[in-house]
Amino acid sequence: ALAVRKTEKAAITADGLLKSMEKKYAEGNESMKPTRDSYVGVIHAYGNSGAESSYIHANEVFQRMITQHSNGNEGVKPDVSAYHALIRACSRASMNTSSPEQQRQ
């Protein structure tokens, strides 16, 4: 639900929930094990946020996803949907940024 809201606050909230899951999983709580969908949802949330820095945050989430997979969480192996979400977030961010000329107008 947070992934479809088009606000930066929703993206930050979703990322906070994911970070909480990561922490609890690292502490040994298997029921909090993040999934690929968890990461893709947060990446989509940043892509939908409209914030100029959304691509940076989306990439940070993607990098955490890769780290989780490298640490043995097979359920978060990046797939086409993860790469698509990241590319889309970068694309949307580039559409939301304005050039210096546009900012002066």
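Which residues are linked in a network of salt bridges? In this predicted model, the network consists of Asp 15, Glu 22 and Arg 64. Its setting is easier to follow once the overall fold has been laid out.

The protein contains five helices and zero strands, and its pattern along the sequence reads α-α-α-α-α. The chain has 105 residues, 33% of which count as buried. Its accessible surface comes to about 6,300 Å², with carbon and sulfur atoms accounting for 54% of that area. When contacts between residues at least 6 apart in sequence are considered, 67% of them join residues at least 24 apart.

The interior comes next. The largest nonpolar core holds 18 residues, and within this core Ile 43, Val 61 and Met 65 touch the most other members. Four helices each supply at least two residues of the core: H1 (8-26), H2 (36-49), H3 (54-70) and H4 (80-96). The most is given by H2, which contributes six residues.

Ile 43 shows how parts of the chain meet around a single side chain. Leaving aside residues up to four places away in sequence, Ile 43 touches Ala 58, Val 61 and Phe 62, and also Ala 85, Leu 86 and Ala 89. Val 61 therefore appears twice in this account, as a partner of Ile 43 and as one of the three core residues that touch the most other members.The charged pairs can be read against this background. The count of salt bridges comes to four. In one of them, the side chains of Glu 22 and Arg 64 meet at 3.1 Å, N to O. Glu 22 belongs to helix H1 and Arg 64 to helix H3, and this pair links distant parts of the chain, 42 residues apart. Glu 22 and Arg 64 are both buried. This is the pair that, together with Asp 15, makes up the network named at the start.

A second bridge joins Asp 79 and Arg 36, whose side chains meet at 3.0 Å, N to O. Asp 79 lies in the loop between H3 and H4, while Arg 36 is in helix H2, so this bridge ties together parts that are 43 residues apart in sequence. How buried or exposed are these two residues? Asp 79 is partly exposed because its relative accessible area is 26%, a value between the cut-offs of 20% and 50%. Arg 36 is also partly exposed, with a relative accessible area of 29%.

Another bridge is formed by the side chains of Lys 23 and Glu 27, at 3.7 Å, N to O. Lys 23 has a relative accessible area of 54%, so it counts as exposed, the cut-off being over 50%. Glu 27 is exposed as well, at 57% relative accessibility.

One nonpolar residue deserves a separate look. Ile 87 is found in helix H4. Why does Ile 87 count as exposed? The reason is that its relative accessibility is 59%, and exposed means over 50%. Ile 87 and Ala 58 are 29 residues apart in sequence, and their C-alpha atoms are 9.3 Å apart in space. Ala 58 is also among the residues that Ile 43 touches.

Conventions. Residues numbered from 1 in each chain as written. Predicted model: local features only at pLDDT ≥ 70, side-chain atom pairs only at ≥ 80, totals over all residues. Heavy atoms only, no water. Buried < 20%, exposed > 50% of the residue type's maximum accessible area, 1.4 Å probe, protein only. Contact = heavy atoms within 4.5 Å. Areas by Shrake-Rupley, 256 points an atom, 1.4 Å probe, with all protein chains shown as cover. Core = buried A, V, L, I, M, F, W, Y, C linked by side-chain atoms within 4.5 Å.
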